[in-house]
Amino acid sequence: MADFADPSIGAVSGDLVIESLPGVMSGVALYWGFEKQLRRTESRFYSAGERHRINLCSQAVACSDPCRKGTILDDAYWPLLVVMGGTSWCVHEELALAYDRLPERVRDEFCRKVRTLTGNFQLLARLPEALLPWRNPVCWQFVSHKIFRLLVPWALVSMFISTAMLGGPFYRLVFGVQVAFLYLLALIGASKSVANRSSPGCGRAATFVMLNTAAWLAFWVWILGQDERFWNKVNYDPSRDPELPEASPSD
């Protein structure tokens, strides 16, 4: 709450701590660490002196605009409205901690990622102004962070097909590297019977393939209008809830 003492700050996001699990889930924890580092860097992009000097005036989206029913990424929709309002900014607060854990089944995590990535497509359709630099002062952060990741699976498929069809030693080498050091490792890492015994690289390769498969499927879920039907609530074993650090007497 202390961040709101600065009148130029209109939204604050906390720091989500996720437990690490073996196999594919170890790669998910690694991905989440990278994701949080991106958020910290984006939060520091503007200095405190620059934040309140940028004002988009009448071209901005009003922060009071209602969030449309069925919006999946409301946690991204609202901060974008705040920033596009022209007078406020969203910052990442590393001291505001929340704790969570990954689901026991890879399938549940896969479905969750399909839903959130579907939300990125939905966000583009519901807030297209976010792609306009003169309307969105964090346009580059939004595009590079949220949109570019949606293009990766299509680039992977194109690279796989083109290197398989093109002749010559270079393309055969690239094709072999993809098969042996990405998809084969991913297959090993995705096997529950060997995941705990395999190297961390196998789990991370499996995570990479899983996330990009989810991004590819998310496009079809969104384009076919199935975004509200794909997600089912995951039931957790309460005995595996993460242990929270004890608060000090001064907290």
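Student: In this predicted model, is E109 buried or exposed?
Tutor: Good place to begin. The cut-off for buried is a relative accessible area under 20%. E109 has a relative accessible area of 1%, so the term for E109 is buried.

Student: Which residue does E109 meet in a salt bridge?
Tutor: Look along helix α4, where E109 has a partner 3 residues away, about one turn of the helix. The side chains of the two meet at 2.8 Å, N to O. That partner counts as partly exposed, at 31% relative accessibility. The residue is R112.

Student: How many salt bridges does the structure hold?
Tutor: The pair R112 and E109 is one of them. Another joins K36 with D15, and the side chains of E35 and R149 also meet in one. The total for the structure is 3.

Student: How far apart are the closest N and O atoms of K36 and D15?
Tutor: This salt bridge links distant parts of the chain, with K36 in helix α1 (residues 24-43) and D15 in strand β1 (residues 9-18). K36 is buried, with a relative accessible area of 12%, and D15 counts as buried at 5% relative accessibility. The closest N and O atoms are 3.0 Å apart.

Student: Which helices are linked by the pair E35 and R149?
Tutor: The side chains of E35 and R149 meet at 2.9 Å, N to O. E35 counts as buried, at 2% relative accessibility. The pair is 114 residues apart and links distant parts of the chain, namely helix α1 and helix α5.

Student: Which side chain joins H92 in a polar contact of 3.0 Å?
Tutor: H92 lies in strand β2 (residues 89-100) and is buried, with a relative accessible area of 11%. The residues that H92 touches include G14, R39, R40 and S43. A polar contact of 3.4 Å joins the side chains of H92 and S13. The polar contact of 3.0 Å is with the side chain of D15.

Student: Which helix supplies the largest share of the largest nonpolar core?
Tutor: This core has 17 residues, and L80, L123, L127 and F142 touch the most other members. Two helices, α3 (74-84) and α5 (139-165), each supply at least two residues. The largest share is 6 residues, and the helix they come from is α3.

Student: What is L123 in contact with, leaving aside its neighbours within four places in sequence?
Tutor: L123 belongs to the residues that touch the most other members of that core, and L80 and F142 are among its contacts. The full set is A76, Y77, L80, P128 and F142.

Student: How many residues are in the other core, the one with F110 and V114?
Tutor: This core lies apart from the 17-residue one. F121 and A218 are also among its residues. Its number of residues is 13.

Student: How far apart in space are A214 and R115, C-alpha to C-alpha?
Tutor: A214 lies in helix α8 and counts as buried, at 0% relative accessibility. Leaving out residues up to four places away in sequence, A214 touches F110, K113, V114 and L117. A214 and R115 are 99 residues apart in sequence, while their distance in space is 8.5 Å.

Student: Which helix holds Q122?
Tutor: Q122 is buried, with a relative accessible area of 4%. Not counting residues up to four places away in sequence, Q122 touches G70, T71, I72, L73, W222 and D227. The helix that holds Q122 spans residues 106-126 and is α4.

Student: Where does the largest share of the nonpolar surface patch come from?
Tutor: The patch is formed by W154, W216, W220, I223 and L224, with about 500 Å² of accessible area together. L224 lies in the segment after α8. The largest share, 3 residues, comes from helix α8 (residues 200-223).

Student: And is L224 buried or exposed?
Tutor: The cut-off for exposed is a relative accessible area over 50%. L224 has 59%, so the term for L224 is exposed.

Note on methods. Residues are numbered from 1 along each chain as its sequence is written. This is a predicted model: local features need pLDDT of at least 70, side-chain atom pairs count only at pLDDT 80 or more; totals for chains, interfaces and linings use all residues. Side-chain values use heavy atoms; hydrogens and water are left out. Patches are made of residues with over 30% relative accessible area and no salt bridge: like charges are joined within 9 Å, nonpolar side chains (Val, Leu, Ile, Met, Phe, Trp, Tyr) within 5 Å. Accessible areas come from the Shrake-Rupley method with a 1.4 Å probe; for residues, only the protein chains shown count as cover. A salt bridge is a side-chain nitrogen of Lys or Arg within 4 Å of a carboxyl oxygen of Asp or Glu. Helices (H or I, at least four residues) and strands (E, at least two) are DSSP runs, numbered from the N terminus. Buried means under 20% relative accessible area, exposed over 50%, partly exposed in between (1.4 Å probe, protein chains only). A polar contact is a pair of N or O atoms within 3.5 Å; within protein, one must be able to donate a hydrogen and the other to accept it, and residues adjacent in sequence count only if both atoms are side-chain atoms. Contact means heavy atoms within 4.5 Å. A nonpolar core is a set of buried Ala, Val, Leu, Ile, Met, Phe, Trp, Tyr and Cys residues joined through side-chain atoms within 4.5 Å.
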